[in-house]
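Please open the model in a viewer and keep the sequence panel visible beside it. The tour below proceeds by selection, with a note at each stop on what is to be found there.

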Amino acid sequence: MRVLSTLFLLLLLRLTAAAAPHPTLQLDIARFRNEDVGIRGNVVEVYATVSGKWLRYMRRAPKMYQAAAVLTLEIVRPDGQAAYQETVTLKPPVLSDTTAAIKNPLSFQKRIILPDGEYSLRALVRDQYHKGQQSLVEMPLVLKSTDTKPVLSDIVLLAKPAARGAEASTFSRSGFSLTRAPGGLYARGQEKLFLYTELYNAAVGQPLQVTFRLRATNLPAGMAAKTIATGQTTATGAQGRPTTLVGELSLGKVPSGEYLLTVEVRNAKNQLLASQTALVQRETEEYAPAGAGPAR
């Protein structure tokens, strides 16, 4: 009987370990044109977000618990050689009570300059205090900066409005402070979507009309995509630098689901100059944790 009980306990422990959730890793990429004429290539911003909810907290002192996530980022060329590789340790704030329902995420952002070409981006996160708990994310990365016609950079989805007057850092661009919405997720309590993008090759002084449209995806076959929310702004072609575009959309009446955000730039004759898209996740049932900040 004791042997059976021991075997049952071992089996239960193994099943519990197998069912234990892995640390959640969200990887976002934003590609911009490198405006430094002395350095050829593209500016790639890699933004990794690790959920603090699934990390193991270790007791360091009375009422002091600490967790840590080891993050490895790697960009690989087609020949298998690494164009970039870095490992960092991310540590959330010390907790006095590990039963807290919400544990804020951790983030790390890296700005890299790479020449045109095709790459693979890999991100691996490991729970430093729980052996075997890890998550791996891989995605293709294609870079092309030779277009001479007006073209938009990737859209950066933001949890807060882009704020002017920011000091230069990996969390700012063109004088704007950017607080990203990891994975394009807008949860309960977030009633507005904010965005940032850059337009290249616009004629200097050219008046521009910018339109934002949010459409539902995953519709049944034969159903046309329905516009859920729209917004617009104006801009003027900048001289000697990209034309920065910022905007917002109201999400107050947008239900939970997956959506496609489209940004269109048109001239004074309503001719389409450039467009770009991004996926948006809307969750109205659960609150999102506080926005992730710089790595500690």
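Begin by selecting Arg164, which stands opposite Phe176 in β14. The model being viewed is a predicted one. Extend the selection to strand β12 and to strand β14 (residues 176-177): the two run antiparallel and are joined by two bridges. Adding β13 completes an open sheet of three strands, in the order β12-β14-β13, with antiparallel pairing. Its edge strands are β12 (163-164) and β13 (172-173), each of which pairs on one side only.

Next, select residues 207-216, strand β17. Nine bridges connect β17 to strand β18 (residues 227-236), and the two run antiparallel. Within this pairing, Leu214 has Ala229 of β18 as its bridge partner. Strand β20 (residues 257-266) should then be added, since β17 is also joined to β20, again in an antiparallel arrangement, by eight bridges. Here the residue to display is Val210, whose bridge partner in β20 is Val265.

The following stop is a hairpin. Select strand β3 (residues 58-61) together with strand β4 (residues 64-66), which pair in the antiparallel sense over three bridges. Show Arg59 and Tyr65: Tyr65, in β4, is the bridge partner of Arg59. Two residues lie between β3 and β4 in this hairpin, and Lys63 in the turn has a positive phi of about 60 degrees.

Now turn to the second largest pocket, which has a volume of about 540 Å³. Which residues should be selected to find its centre? Of the 26 lining residues, Asp28, Ile29, Ile155, Ala278 and Leu279 are the closest to the centre. To see where the lining comes from, colour β1 (25-33), β2 (42-50), β9 (134-143), β11 (156-158) and β21 (272-287), each of which supplies at least two residues. β1 provides the largest share of this lining, six residues. Colouring by domain is also informative: domain 1 (23-145) and domain 2 (146-289) each contribute at least three residues to the pocket lining. If the lining is coloured by residue class instead, 15 nonpolar, six polar and five charged residues appear.

Finally, colour the whole protein by pLDDT. The mean is 85, and 85% of the residues reach 70 or more. Select residues 1-20, where the pLDDT is below 50; beyond near neighbours in sequence, this stretch has one contact in the model. Then select residues 292-296, over which pLDDT likewise stays under 50. For residues 292-296 the model has 15 contacts beyond four places in sequence. Where pLDDT is low, the predicted coordinates should not be interpreted in detail.

Technical notes. Residues numbered from 1 in each chain as written. Predicted model: local features only at pLDDT ≥ 70, side-chain atom pairs only at ≥ 80, totals over all residues. Heavy atoms only, no water. 1 Å grid on protein atoms, 1.4 Å probe; cavity = no way out; pocket = protein on both sides within 12 Å on 5 of 7 lines; lining within 4 Å. Points joined across faces, edges and corners; volume = space filled by probe spheres on them. Helix = DSSP H or I, 4+ residues; strand = E, 2+ residues; numbered from the N terminus. Nonpolar A, V, L, I, M, F, W, Y, C, P; charged D, E, K, R; others polar. Domains from an automatic or database assignment. Pairing = 2+ DSSP bridges. pLDDT = per-residue confidence, 0-100. Contact = heavy atoms within 4.5 Å.
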